[in-house]
Structures are given as C-alpha cells and as structure tokens.
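I opened the model to look up helix packing, one residue's surroundings and the aromatic rings. My entries follow.

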Amino acid sequence: RASLAFALAFGMAANIARPYDLVVYGASGFTGRLAAEYLARRYTPGSSSAAAAGEPVRWAMAGRDRVKLERVRDEMVAKHPHAAGKIDVLVGAIDDPAALEAVTSKTNAILSFAGPFALYGMPVVDACVKTATHYADITGEPTFIRDVIDKHDAAAKASKTCVVNCVGYDSVPWDLGAWAVAKFLKERNGVTCVEAYGHAGDAKGGVSGGTIASALHLMSSTSTSVMRKMASPHFLTRVDTSRDLDADAQRRWATQATPKFDEDLKRWTMPSVMAGINTKVVARSAELEPETFDARLFAYNESDACSSRFGAFVGTAALGLFGALLVFPPTRWALARFALPKPGEGPSESLRENGFANVYVVGTGASNDGDAETRATHKAVAHFSFRNADPGYKGTAVLAVEAALCLALPAERLKTPGSSRGGVLTPATALGSTLVARIDRCDVLGFDVKTLEETDFVMR
C-alpha cells in the first residue's frame, strides 16, 4: 500500500515537466547502442533529419557502467557531430534502487534493453512503477512478463502508468497485425475476427548473443511445471482463460507444430520459432480489448512461409532438433560454448544495414448470421515491413524507439489508448494507431492493411 501511494503521488507530480522525454537503459549493449544511434541520427536537435526539426527529443543514455556508456556516446558523436554536448549519461545499477529511481524520476519514459530480463529487468520496472514513469522493453521472455503482470499491473493501473513489454520484432509486427486486421474487418465489413494467422515472409537478418543468452537462461532457469504452463498460448492472460473459449477456438489456438500448406498464401509453411512469445502477447491483447476482439471466439496462430514442401519438412525437422539440443543441459552448454554468438556479439553492420523482413497477419472475419457452413467470411491482411534494416537488431532498435516515443512525448501519449488506462499492456492495446502513424513516418518501417485479394505476398 505504501508503494501504491508513492506511485500515485508521483503520478500527480508527473504532470510537471521532467528533464528528459526518454532514457535508453542498457544503451551500451548491442541493440541498446543501435537505439541510441537512431535517436542521435533522427531526433537529436541539429540533425539534418526533418524529424529532429519537427519533433526534437530530449533523451539520455543510462546503465550501470559510466565508462562504457561514455565510450558509446563518444563513438556516436564521432559519427553524428551535431549530437555533441546533447546526450547525457545517467548511472543506475540494478542493485541500487535509489539510483535507479533517481534515473527513472527524471524522464517521461524508459526504454530498456537490459536483458536477459529475467535476470536484470525487474528492478527497472520496479523503479518505473514507483516513480510513475512509463516503461517499454524488448523482452521476449514469457516468464518475465508474467511476473511483471502479477507484481505491477494493479499499481500501474492506479497511477495510469503504462508498462509495455515486447516492443521489438518480438512482438509488434504480429500483435499490431492481429489487432489491425480485427479492427479492419469490424469497421469495413461489420464482422468479428475469429482468427488471425501470422506468417514470416521473405527476410534477411542475423542473431545476436544477447538474444541467445536470454533463450538459454529461460531454458536453464525455468522449472518443468512452469514450462508446462508456458506451453499454453494463454500463459499471460487471466487464470483459466482457455476454459472460456468456444470449442472450435480451443482447437484453432493449438500452435502449428508440423509442416502445413496454407490456402491463403498458397505455400507450404513450417512452425514459427517466435510463436512461443507472439501467441501469448496476442492472446493478452484479445483479452484486454473486448471492443476489438471477441476473446471467446478468436484464435491466433503462426508459421514461417517456405519456398517448397521439401523446405517446410526440412525446416520443421531442423527446428525440432535445435529445440531438443536446448532442452538437455550438456548439449545446451556445448551450443553456448562453441556454436552460438556470445553476449555483445551480433550481425555485421553490412547485414544490419541491408537486411529486411516481411511479416503478414491474415485475419478471417465471420458474420453472426446463419450456421458455420453458410455464414459469410471476409479476409484482411496486415503487412509489416522492415527496409534496409535486419528485423532482429537495427529494425528492433528503430521500432522500439518509435514505440517508446508514443509514451515519452506528451502530445503523442495523449493519443494512445494506454494513456487513459495504464497497467501492464501489450504493444497493440497500449499504443494502437499512434504507433501505426509513427511507423508510417519512419524511413525503415512500413505497415498497411488490405483485403486478401489486394495483397501481394513477398515470400521466400
């Protein structure tokens, strides 16, 4: 109760201008550095970017190691001389709550890249909720998100503070896509979206050691009982949500586990490695926004598109083998020691700058008239694209910054659906059309919604 009262008091004080719009926490890490560089290039006063002239951002870098942060800042200033003297460095270690609160109380929003989040994330969220500071991160760790919901949802709602996980490639394209097709079908066709199916299309990108470290920590630190619970796509919704589902919806929520020919894509598909987090985020969005989704009827699934039937079967087998190797401690250790990138390592600059991705979410809407055999159905497709940016790192850094700016800039925050409710929210339910508008103005991101007939899929 004392911390809730403290958060409410800070919530009232938050109307007073703070020194910064946004602080990037973990800015010396691989992806955090890319986010800081994007802010320096696009939003720091003095930049040739039109965005900096029309929407300058007061921002700072933060973390636990001043020397590393200052080194990153100096490297950025060398590339972007206009940023000299305009990027502050703040220090707050995760084992020093007072220092963290001193950082979070100075800014409208924190964007955190300090993973694995199960190890390092919660103290930052604690400080943000206590100081009524909006928070966003790029985690893809379901257990961490579940802990954040359980610990902070009530207090964040009370102070109208938004806590938004998964604002990178995990899971904005998929979550925003499912939300957008559901809205499109309701507004254009007057029908309820009963299914959304995400598909990874043509892409080029790489893997960083930070992502691998998060996955390995999740596998090694999560108990068998929690792993069983985490297998459910409703892991992040309220207890026993799946019992409320229509019987057909329960069947359709079963995550794709085998090769499958998709009639909408006219292609073979394989299971998606990202379904483990994306399905859970979309399920929470469906629960949080009943005006867009009928959570009792709706289901979400996901796949990776393949170039051939053979490729779908080979890809499924390879994914299964990799998963099996991660399950057993000896092979997990060997992969981490000899085969996988280490924390701080990631794709080359050439791959980051020349990468791309196409994500599609196909929504199916059905009218309430007639029976299942005769009622009319409609299809809509959301397309999320990354241009000249690999999706996992440069693309995620850019996307995370644009998502965080929805909360950090007062004029933008007032337009977000999350500003009037607070709580631990998903990207779609917190940011909605405000994020879509920022994506439309971004030079490396794209998003649109069309009918299935109007969509030209870009596939492997």
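Is the crossing of α9 and α13 left-handed or right-handed? I found it right-handed; the near helix is then turned clockwise from the far one by less than a right angle, where anticlockwise would be left-handed.

Before going on, I note that this is a predicted model, in which local features need pLDDT of at least 70, side-chain atom pairs count only at pLDDT 80 or more, and totals for chains, interfaces and linings use all residues. Residues are numbered from 1 along each chain as its sequence is written, and side-chain values use heavy atoms, without hydrogens and water.

I looked up the geometry: α9 (residues 172–189) and α13 (residues 275–288) pack at about 35°, axes 9 Å apart. Helices here are DSSP runs (H or I, at least four residues), numbered from the N terminus. Axes are lines fitted to C-alpha atoms over the stretch in contact, with angles from 0 to 180 degrees between N-to-C directions.

In α9, Trp174, Asp175 and Ala178 meet Asn278, Val281, Val282 and Ser285 of α13.

Next I checked Pro427, in helix α19 (residues 427–440). Pro427 counts as buried because its relative accessibility is 1% (buried is under 20%, exposed over 50%, partly exposed in between; 1.4 Å probe, protein chains only). Beyond four places in sequence, its contacts (heavy atoms within 4.5 Å) include Asp175 and Val281. Ser171 is 256 residues from Pro427 in sequence, yet their C-alpha atoms are 7.9 Å apart.

Last, I noted that Trp174 shares one aromatic cluster with Tyr169, Phe384, Phe386 and Phe447. Rings of Phe, Tyr and Trp (its six-membered ring) pair if their centres lie within 6.5 Å.

Methods
Rings of Phe, Tyr and Trp (its six-membered ring) pair if their centres lie within 6.5 Å; planes under 30 degrees apart count as stacked, over 60 as edge-to-face and the rest as tilted. Helices (H or I, at least four residues) and strands (E, at least two) are DSSP runs, numbered from the N terminus.
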